[in-house]
Amino acid sequence: GWGAILDCHEPKARKEISGADPHTTNNRMELSGIIEALRLLRRPCEITIVTDSTYVADAFRKGWLAKWQKNGWRTSTKAPVKNEDLWRQMIELTDPHQIEWKWIKGHAGHPENERCDELAVQAREAVAKSRR
């Protein structure tokens, strides 16, 4: 499951979203949460994306994403980049925005991160329950 919180300061507004997929990986869920949050933005914004996923944060902060594209969606070891479909969506959705990427340690008491985890677990449990 994934969870995301959109928190706008001007005008003050907050929205929580979540979802789940029973046949996926944690990295796909990390990407999905950010993608779904970005889909809700209606105009270019200055935003801060806070994530406990080094996979996502470092792809932007350390330039991995740019290198993968330059190398034809291959890693430094020439292996295909995993989750290319979601990375391509992420590129399209992040392009119009000015984004600061912040990594935080998961399960370390950060209130919004803890809430996102709760949302993800609830979404995962709802999907599991609906499949019974």
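In this predicted model, K12 pairs up with D7 in a salt bridge, with 3.0 Å between the closest N and O atoms. K12 sits out in the open at 61% relative accessibility, while D7 is partly exposed at 34%. The backbone around here is a hairpin: two residues link β1 to β2, and the strands, spanning residues 2–9 and 12–19, run antiparallel with eight bridges between them. Across this pairing, A4 faces I17 of β2.

That contact is one of 10 salt bridges in the structure. Another brings together the side chains of D58 and K62, at 3.6 Å from N to O. The two ends are quite unlike in exposure: D58 counts as buried because its relative accessibility is just 8%, under the 20% cut-off, whereas K62 is exposed at 51%. D58 belongs to helix α2 (residues 54–61), where Y55, V56, A57 and A59 are buried as well. The cover over these buried residues includes α1, β3, α3, α4 and β4. After α2 comes G63, with a positive phi near 80°.

Over in helix α5 (residues 111–130), E118 and R115 lie three residues apart, about one turn of the helix, and their side chains form a salt bridge at 3.0 Å, N to O. Both are partly exposed, E118 at 42% and R115 at 22%. The pair also feeds into a salt-bridge network that takes in R14, E16 and E112.

As for α1 (residues 26–39), this helix holds S32, which is buried with a relative accessible area of 14%. Leaving aside residues up to four places away in sequence, S32 touches W2 and L86.

How values were computed:
Residues numbered from 1 in each chain as written. Predicted model: local features only at pLDDT ≥ 70, side-chain atom pairs only at ≥ 80, totals over all residues. Heavy atoms only, no water. Pairing = 2+ DSSP bridges. Helix = DSSP H or I, 4+ residues; strand = E, 2+ residues; numbered from the N terminus. Buried < 20%, exposed > 50% of the residue type's maximum accessible area, 1.4 Å probe, protein only. Contact = heavy atoms within 4.5 Å. Salt bridge = Lys/Arg side-chain N within 4 Å of Asp/Glu carboxyl O.
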